[in-house]
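Subject: A structure for you to look at

Hi,

Here is the structure I said I would pass on. Have it open while you read, and turn it around as you go.

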Amino acid sequence: MTNPLMMNAVVVAALMLIIWISSIVWRNASIVDAFWGAGFVLISWTTYGIADLPQRSLLLPVLTTIWGVRLSIFLAWRNWGLPEDYRYRSMRDKHGSRFWLVSLLTVFVLQGIVMWIVSLPLQTSGRMAGGNTGLVVVGVLVW
């Protein structure tokens, strides 16, 4: 069985690299915001796909997908047509021709690491595949 933690690290790194390259082409690092929720969706389905989980474990990626897609759509819609966020614009002005590297490290790599850490409960959910029904009900209610 493939290790979900390692596989998800690779998946997050690939996602952030693609988004970073797109931000360089479009000269807008703000696009990273719209992919925050989608990253969790990707992690959730990657974990489900490689962890050989029982069918009943499908609830977690489905709920994550509903939340993540809603968040990504909202952030993309909110930022559509707006100039680059002032924080990234300030970084771009400060670092000039080095912005491409600075943005890779301080925006995209950092957010990828945070995404991977925050998603650890999603990534380790297979260990609780048997699950406590009461805990599942509480989790769905909190969701």
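Below is what I found in it, place by place.

Keep in mind that this is a predicted model.

Let's begin on the outside. Ile24, Trp100, Leu101, Leu105, Val109, Ile113 and Ile117 make a nonpolar patch of about 610 Å² on the surface. Which helix gives the most to this patch? That is helix α6, residues 99-118, with six residues. Pick out Leu101 as an example: its place is in α6, and it counts as partly exposed because its relative accessibility is 38%, while "exposed" would need over 50%.

Next, go to helix α5, which spans residues 86-95. Its buried residues are Tyr88, Met91, Arg92 and His95. They sit on the same side of α5, because the arc they cover around the axis is only 100°. The general idea is that an α-helix has 3.6 residues a turn, so residues three or four places apart point the same way. What do the buried residues of α5 pack against? Their partners are α2 and α6. Turn to the other side of α5 and you will find Tyr86, Asp93 and Lys94, which are exposed.

Now for the backbone. Just after α5 comes Gly96, with a positive phi of about 55°. Arg27 also has a positive phi of about 55°, although Arg27 is not a glycine. That one deserves a second look, because most residues other than glycine have a negative phi. Where is Arg27 found? Look in the loop between α1 (4-26) and α2 (31-34). Arg27 counts as exposed because its relative accessible area is 54%, and the cut-off is over 50%.

Last stop: Thr47, in helix α3 (residues 36-50). Is Thr47 buried or exposed? Thr47 is buried, since its relative accessible area is 2% and anything under 20% counts as buried. Its side chain makes a polar contact with the side chain of Asn8, at 2.8 Å. If you leave aside the neighbours within four places in sequence, Thr47 is in contact with Pro4, Asn8, Leu122 and Gln123. So Asn8 turns up twice here, in the polar contact and in the list of contacts.

If you want somewhere to start, try α5: colour Tyr88, Met91, Arg92 and His95 one way, as the buried residues, and Tyr86, Asp93 and Lys94 another way, as exposed ones on the other side.

Cheers

Notes
Residues numbered from 1 in each chain as written. Predicted model: local features only at pLDDT ≥ 70, side-chain atom pairs only at ≥ 80, totals over all residues. Heavy atoms only, no water. Patch = residues over 30% accessible without salt bridge, like charges linked within 9 Å, V, L, I, M, F, W, Y side chains within 5 Å. Areas by Shrake-Rupley, 256 points an atom, 1.4 Å probe, with all protein chains shown as cover. Salt bridge = Lys/Arg side-chain N within 4 Å of Asp/Glu carboxyl O. Helix = DSSP H or I, 4+ residues; strand = E, 2+ residues; numbered from the N terminus. Buried < 20%, exposed > 50% of the residue type's maximum accessible area, 1.4 Å probe, protein only. Polar contact = N/O pair within 3.5 Å; in protein donor to acceptor, adjacent residues only side chain to side chain. Contact = heavy atoms within 4.5 Å. Arc of directions from axis to C-beta.
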